[in-house]
Amino acid sequence: MGDADSFLAANRAWARRLVEADPRAFERMAAGQAPEVLWIGCSDSRVSATQVIDQPPGKVFVHRNIANQVVPSDLNALAVLQYAVEVLTVPHIVVCGHYGCGGVQASLAAPGHGAVARWLRHLRQVRQLHRAELAELRGAARERRLVELNVIEQVRNVARSGVVRDAWEAGARTTLHGWVYDVSDGLLTPLCRRAPGGASLEIAPD
Ligand code: CO
């Protein structure tokens, strides 16, 4: 797979296969979407939202950025969250981080420059918040723990958002989940969960 034409050829083959398997698939999709989950994940090419939970088109509403962050001043993330909760009324919101995350690795190194460095300032705040726990760890263990802590903090950010709090107050059953994906075996592990009406985040036993 090298040139853009091969992507277009792959697209035609994919659409043909989908219709062969389910002749009305595109007819239904043209009528609208009713996704069951908002997926907030990393932009990393190895962690494709629909593929890792094996879902067809129409099931997963997606927001991705470097290191799966939900920054309270990020209008893009907030707009996705609002639309998913208020219009699509998704029953589940997943924040998914992954081991081997380049954004997390960079946040543990000396600050770089430009937009990436500015974006990673938020991740450095997570690192700072958990500095005591992280100081006990070295190398890969420290990096893996920061991946996990970042997921937990981003789920907290979703729970604190006005959109989600208002929805819960109005009786919505939206449940928040924090998961981590392992690029070395393709498996997801739950880290935390926040049910509607729950007073705080339930951290999964390790
Ligand atoms: Co990543």
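Tutor: Let's start with a working rule: two parts are in contact when heavy atoms lie within 4.5 Å. Keep in mind that this is a predicted model.

Student: Happy to. Which residues of α8 and α9 meet under that rule?

Tutor: From α8 come Val158, Ala159 and Arg160, and α9 brings Gly162, Val164, Arg165 and Trp168.

Student: How do these contact residues of α8 and α9 divide by type?

Tutor: There are four nonpolar residues, one polar and two charged. Gly counts as polar here, whereas Ala, Val and Trp are nonpolar and Arg is charged.

Student: Why are α8 and α9 called oblique to each other?

Tutor: Two packed helices are described by the angle between their axes and the distance between the axes. Helix α8 (residues 139-160) and helix α9 (residues 162-169) have axes that cross at roughly 60° and come within 5 Å. Angles under 35 degrees would be roughly parallel, 65 to 115 roughly perpendicular and over 145 roughly antiparallel, with the rest oblique. The crossing of α8 and α9 is therefore oblique.

Student: Let's turn to the backbone. What makes Asn68 stand out?

Tutor: Most residues other than glycine have a negative phi. Asn68 is not a glycine, yet its phi is positive, about 40°. You will find Asn68 in the loop between β2 (60-65) and α4 (75-87). Thr89 is likewise a non-glycine residue with a positive phi, about 45°, and sits in the loop between α4 and β3 (92-98).

Student: How do you know whether Asn68 is buried or exposed?

Tutor: Buried requires under 20% relative accessible area. Asn68 has 2%, so it is buried. Thr89 has 52%, and with the limit for exposed being over 50%, Thr89 is exposed.

Student: What makes β2 and β6 edge strands?

Tutor: The open sheet has six strands in the order β2-β1-β3-β4-β5-β6, with mixed pairing. β2 and β6 (202-203) each pair on one side only, and these are the edge strands.

Student: How do you know that β5 and β6 pair?

Tutor: Pairing needs at least two bridges between the strands. β5 (residues 187-194) and β6 have two bridges, in the antiparallel sense, so the requirement is met. Cys192 stands opposite Ile203 in β6.

Student: Now the charges. What makes Glu36 and Lys59 a salt bridge?

Tutor: The limit is a side-chain nitrogen of Lys or Arg within 4 Å of a carboxyl oxygen of Asp or Glu. The closest N and O atoms of Glu36 and Lys59 are 3.2 Å apart, and the pair qualifies. Glu36 is in the loop between α2 (25-31) and β1, and Lys59 in the loop between α3 (49-52) and β2, so the bridge ties together parts 23 residues apart in sequence.

Student: Why does Asp44 count as buried?

Tutor: Asp44 has 15% relative accessibility, and the cut-off is under 20%, so buried is the right word. Its salt-bridge partner is Arg46, with the closest N and O atoms 2.7 Å apart. Arg46, at 43%, counts as partly exposed.

Student: How many salt bridges does the whole structure have?

Tutor: The search finds eight. Asp22 with Arg28 is another pair, its closest N and O atoms being 2.7 Å apart. Glu133, Arg145 and Glu148 are linked in a network of salt bridges.

Notes. Residues numbered from 1 in each chain as written. Predicted model: local features only at pLDDT ≥ 70, side-chain atom pairs only at ≥ 80, totals over all residues. Heavy atoms only, no water. Axes fitted to C-alpha atoms, helices over the stretch in contact; angles between N-to-C directions. Helix = DSSP H or I, 4+ residues; strand = E, 2+ residues; numbered from the N terminus. Buried < 20%, exposed > 50% of the residue type's maximum accessible area, 1.4 Å probe, protein only.
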